[in-house]
There are 2 protein chains.
Amino acid sequence: MIVALPKRFGKFEVFYMSPTIKDIAKAAGVSITTVSRALNGYPDVNEKTRSRIKKLAEKMSYHPNSQAQSLVLKKTNTIGVIISELTRDSVKAAFSFEVLCGISDRSSELNYDIILFSTNPNKQMNKTYSDLCRERNVDGVILKGLKTTDPYLREVIDQSSFPSVLIDIPVAGEGVGHVTTDNVSGVRDAVRHLIQLGHRNIAFINGYKEAAICADRLSGYMLGLQEADITYDVSRVEDGRFSEEGGADAISKILSRHPETTAVVCSSDIMALGVMKELEQMGRVIPGSISVIGFDDISIASYTTPKLTTVRQEKYEMGYQAAQMLIDMIEGRNVKHKIVLDNQLIIRESADRLQKG
Amino acid sequence: MIVALPKRFGKFEVFYMSPTIKDIAKAAGVSITTVSRALNGYPDVNEKTRSRIKKLAEKMSYHPNSQAQSLVLKKTNTIGVIISELTRDSVKAAFSFEVLCGISDRSSELNYDIILFSTNPNKQMNKTYSDLCRERNVDGVILKGLKTTDPYLREVIDQSSFPSVLIDIPVAGEGVGHVTTDNVSGVRDAVRHLIQLGHRNIAFINGYKEAAICADRLSGYMLGLQEADITYDVSRVEDGRFSEEGGADAISKILSRHPETTAVVCSSDIMALGVMKELEQMGRVIPGSISVIGFDDISIASYTTPKLTTVRQEKYEMGYQAAQMLIDMIEGRNVKHKIVLDNQLIIRESADRLQKG
DNA sequence: GGAGTTTTCCGAAACGTTTCGGAAAAAGGC
DNA sequence: GCCTTTTTCCGAAACGTTTCGGAAAACTCC
């Protein structure tokens, strides 16, 4: 469609404009209404005119303006993705990105676009969660990386009529669901594996108290011990705050208290990396003198020396399922508001039997 | 604002609706026009009424509906981000993600939202690039990961009136710009470093012919050799197709032809990983018997054994600059359509002097 | 105190859709 | 041929903004 006068957008002159429904109507010699109804499959339009209109629309490469559509339909076919630690730290980033890929793939399959909000506690002061959603009129939101102390979380729970799904935060309600991994069994499997390898003095490095997943993982640890009739000892557990340094600190604290420790499971691979670094500096050899197991299976895990044995989370699947759940909720389908994904112990090199002698 | 009758969205009853400009007008006892002009800072409204309206808008937490706005303004304040290898492969993903973070940060600083399109050659058949943009009415696009064979690329170049910036593809024109890293000097620095360490027989593993960045990197390799009066030998160069296996294949081919090779620079860290794996299997010790240098500095690079010496690309900065450039173009500011970022050789452990004897 | 200016406000059209209610046209029935 | 039913179409309102052109009100000036 060539319009008579160029319009200006910034410094760009746009001569070729997208045709509107009006253009199609004119070209087809019918009313706007008829074009709309023809294209949207309503039964009250003659099949001949319908196909004529369809062909024309195709030829003129007509696409309905989504702004106009959503204005009247009150539906944007857009979901917001809020990732709070959208950070340049590439190590953490990889995890979120895989989740994002899953979200993106499923969304586009179901004909939703995703719009990405990055946020941080600072931003959360200025603009509330609902402002964010309302301004852009997203149909629903997926949130990842929220801490229990983040202001947004409160809002999500309060305004539970607005569809949202949380990743790794176990809140469920009218309009809010969540997807997470089976944290209990993940850590239990790790502990079991170590026990099978002959370990009895097993430490645990968790994330932080405020995170829900960490409570579950601690349960998994306790469960694993219990199954082998090993008594749980709180002094064998430290929080590493999901950071490399935190992991390093934690392991040295634990080892000073319990030099007899022969194995440690960590609540994230990042912390496991810190642990390995620290152990190396202490002259301990892995897994000869001490075994290490991580959690997540980030890409680095298979490149370390020794390669890290870890519990793999299906990150892509998490995003995929989150998108599915959210869109189900948006479109009013009945749906479980809680999805717990399986995970799997990936056995590599960092955990093994103790060397005799 | 409480409306009288609940509206239905899917299965959710929404009692609390966002107030519209009409609600504010009614509450303030003025016309819609005045509210709009008051809020948008026009001079033809009394300061008293302006502040009254502003307070009211604040109190009722009014936010203009962005769909309605963009419908009349023909501007969405949204930029599209098309990442073609938005894949679940987490190793490659990290790179794109960091770029994305940069884009996201700068965009939100400049008050743009980003909407994420993932694509693949298959999807590109169904929906053209311009369809994608027009349907969602994005103001501009950033594209990353496009191959020279991707249909979209042709379109970007053809419709150059639509603002777009490419990452790592050197196309510039009326409305299209690009940002990349200084590929020539990056590789040259790597070669220089090796020469300073005493190496003379230096191989080069590139990506593939069709990629523009690879031509530059090859130039950098040749330049580095030339500066040391080493003659360029094409049989010391192989394409590794940016994959781990490709890197492994490449190094074994090169070594079979040139067993005297003592150092190799790779056009990506991924390939360097493959090279290191292959060399290990061949019983070669790095860097004792052969040195390896990578390109990118992905997170894994600092966790391998030995730690990978590599040319760091500022991935976050790439995204940041790309967003800046695009928004400059959208808003009609004059701007350079080409940005070349510096990079830096990060010296770790995988490249060193040859061991005597 | 009236004309001219300035300040402050508003009505209405426009953006591109969807959809309700109804009207025109065609078909059916006798 | 006339009434009824069905099929096919359309006008107009609505969604929530922005903005043009003008009007009312308030000042200024002599």
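Here are some notes on the predicted model above, covering the pairing of the chains, the two DNA strands and one strand of chain A.

1. Let me start with the symmetry. Chain A superposes on chain B by a rotation of 180 degrees, with 0.0 Å of shift along the axis and an RMSD of 0.1 Å. The two copies are therefore related as by a two-fold rotation axis. Both copies use the same surface, since 100% of the contact residues of chain A recur in chain B.

2. Where does chain A come closest to the rotation axis? The residue to look at is Ile115(A), whose C-alpha is 2.1 Å from the axis. Please keep Ile115(A) in mind, as this residue returns in point 8, where Ile115(A) is the residue opposite Gly80(A).

3. Now to DNA strand C, which is surrounded by 27 residues. The closest come from both chains: Ile21(A), Ser36(A) and Tyr42(A) from chain A, with Ser31(B) and Thr34(B) from chain B. Of the atoms of this strand within 4 Å of the protein, 64% belong to sugar or phosphate, and bases make up the rest.

4. Some individual contacts to DNA strand C are worth a look on screen. At the phosphates, a backbone N or O atom of Ile21(A) is 2.7 Å from a phosphate oxygen, while a backbone N or O atom of Asn46(B) is 2.9 Å from a phosphate oxygen. At the bases, Thr33(B) places a polar side-chain atom 2.9 Å from a base oxygen.

5. DNA strand D also has 27 residues around it, and the nearest are Ser31(A), Thr34(A), Ile21(B), Ser36(B) and Tyr42(B). Here sugar and phosphate account for 64% of the strand's atoms that come within 4 Å of the protein.

6. Which parts of DNA strand D do the residues of chain B approach? For Tyr42(B), a polar side-chain atom lies 2.5 Å from a phosphate oxygen. For Tyr62(B), a side-chain N or O atom is 3.2 Å from a sugar or linking oxygen. For Ala68(B), a polar backbone atom is 3.5 Å from a base nitrogen. Two or more residues of the surface near DNA strand D come from each of α2 (32-39) and α4 (66-73) of chain A, and from each of α2 (32-39) and α4 (66-73) of chain B.

7. A word on the make-up of these two surfaces. Near DNA strand C there are 12 nonpolar, 12 polar and three charged residues; near DNA strand D the classes number 12 nonpolar, 12 polar and three charged. For DNA strand C, α2 and α4 of chain A and α2 and α4 of chain B each supply at least two residues.

8. Away from the DNA contacts, strand β3 (residues 78-83) of chain A deserves a moment. Is this strand buried or exposed? β3(A) is mostly covered, with six of its six residues buried. Thr78(A), Gly80(A) and Ile82(A) point one way, and Ile79(A), Val81(A) and Ile83(A) point the other way. β3(A) runs parallel to strand β4 (residues 113-118) of chain A, and six bridges join them. Within this pairing, Gly80(A) is opposite Ile115(A), the residue of chain A that comes closest to the rotation axis.

9. β3(A) also pairs with strand β5 (residues 140-144) of chain A, to which five bridges join it in parallel. One of the partnerships to check is that of Ile79(A), whose bridge partner in β5(A) is Gly140(A).

Note on methods
Residues are numbered from 1 along each chain as its sequence is written. Chains are lettered from A and ligands numbered from 1 in the order in which they are written. This is a predicted model: local features need pLDDT of at least 70, side-chain atom pairs count only at pLDDT 80 or more; totals for chains, interfaces and linings use all residues. Side-chain values use heavy atoms; hydrogens and water are left out. A residue is near a molecule or strand if one of its heavy atoms lies within 4 Å of it. A polar contact is a pair of N or O atoms within 3.5 Å; within protein, one must be able to donate a hydrogen and the other to accept it, and residues adjacent in sequence count only if both atoms are side-chain atoms. Helices (H or I, at least four residues) and strands (E, at least two) are DSSP runs, numbered from the N terminus. Ala, Val, Leu, Ile, Met, Phe, Trp, Tyr, Cys and Pro count as nonpolar, Asp, Glu, Lys and Arg as charged, and the others, Gly among them, as polar. Copies are superposed by least squares on the C-alpha atoms of residues with pLDDT of at least 70 in both. Contact means heavy atoms within 4.5 Å. Buried means under 20% relative accessible area, exposed over 50%, partly exposed in between (1.4 Å probe, protein chains only). Two strands pair if DSSP finds at least two bridges between them.
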